[in-house]
Amino acid sequence: MRLSTVILPVRRWSEGGREVWQRAEQLGFHAAYTYDHLSWRTFRDGPWFGAVPTLTAAAAATSRLRLGTLVTSPNFRHPVTLAKELISLDDVSGGRITLGIGAGGSGFDATVLLRGAEEAWTPRERADRFGEFVALLDRLLTEDAVTYEGRHYSAREARNIPGCVQRPRLPFAVAATGPRGLRLAARYGQAWVTTGDPKVNETGTPAESVAALGRQISRLGEACAESGRDVAELDKILLTGFTPDPGRPLSSLDAFVDFAGEHARLGVDEIVLHWPIPDSVFAADLAVFEKIATDALAQLEG
């Protein structure tokens, strides 16, 4: 089991932003991620900074911590420009970047670039774009020059030299729950990301959530078998904060150990906790959070 955190980009770098990322490294987290959104839900009317510049600054301020997005989506990204930024970020960090990538939702990111009477993409179109996006991005990060003409994206003589520090490219952590997304994770992913079952998260119990996550992992295994891969090759990452009773894992050290143990038995390899933000949906006791970071894994292994 690995323990990681996600640090929302809500702090000015000069007003505590740098220190949070450095503290994450000091606490021994495996990785620190950030959201790749233009804004997000209840934070929409407050400070919110860009993911790639934030991660670049975090790379310069740390030396061991893995860094990444949870998650990047096609909602406002193009594979050609994103690939160039990722190669640069992987270089600056010395090969410490993981790209969390998903199909994107129907929130602000999905509508902010629309013109006139344009409508947001349907779930089917989001899935279509996601499949093309991931496949093209894989090529852009592994080949020096790419020409491609697809339904949604194109690249003409796109150059990406010298490529990633990590070979053959930086790892993809593919967020997926449906069959098409799980097949993408099985084909292109080095990890799979989930927040649990969306329907169970809304109305279910913690026990029902654990059972649903077990079914997701089983379906991931089936998708891997179809692709000729062993599901054990993929890390299974749970982003917390969305399952039923979202505050339970951070209520105490013992509560977290119980939560993590339940999910470790399902095959979850990495649990990601939101860094506490006062007066928000991610409010939590910072002292408890830090104790979990330093002591929980030892208790789990014991």
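Arg41 is exposed in this predicted model, and its relative accessible area is 61%. The value lies over the 50% above which a residue counts as exposed. Arg41 belongs to the loop between β2 and α2. Its backbone also deserves attention: phi of Arg41 is positive, near 40 degrees, and the residue is not a glycine. As background, most residues other than glycine have a negative phi, and most peptide bonds are trans.

A second residue of this kind is Glu157, where phi is about 50 degrees, again positive in a residue that is not a glycine. Is Glu157 in a strand or in a loop? Glu157 lies in strand β6. Its relative accessible area is 47%, and Glu157 is therefore partly exposed.

Let me stay with β6 and turn to its pairing. Strand β5, residues 145-149, is joined to β6 by 4 bridges, and the two run antiparallel. One of the pairs can be named: Tyr148 has Ala155 of β6 as its bridge partner. Together, β5 and β6 make a hairpin, with 4 residues between the two strands.

After β6 comes a feature of the peptide backbone. The bond between Ile161 and Pro162 is cis, with omega about 15 degrees. Pro162 sits in the loop between β6, residues 154-159, and β7, residues 172-175. Which other residues does a cis bond join? The peptide bond from Leu70 to Val71 is cis as well, and its omega is near -10 degrees. Val71 is part of strand β3.

Strand β3 brings me to helix α1, which spans residues 17-26. Which residues of α1 are buried? They are Gly17, Val20, Trp21, Ala24 and Glu25. Viewed down the axis of α1, these buried residues fall within an arc of 140 degrees, so they line one face of the helix. The general geometry is helpful here: an α-helix has 3.6 residues a turn, so residues three or four places apart point the same way.

What covers the buried residues of α1? The cover includes two elements already mentioned in connection with Arg41, namely β2, at residues 31-34, and α2, at residues 51-61. It also includes β1, at residues 2-6, and β3, at residues 66-72. Val71, at the cis bond from Leu70, therefore lies in a strand, β3, that helps to cover α1.

Finally, the residue Gly28 follows α1, and its phi is positive, near 90 degrees.

Technical notes. Residues numbered from 1 in each chain as written. Predicted model: local features only at pLDDT ≥ 70, side-chain atom pairs only at ≥ 80, totals over all residues. Heavy atoms only, no water. Buried < 20%, exposed > 50% of the residue type's maximum accessible area, 1.4 Å probe, protein only. Arc of directions from axis to C-beta. Contact = heavy atoms within 4.5 Å. Pairing = 2+ DSSP bridges.
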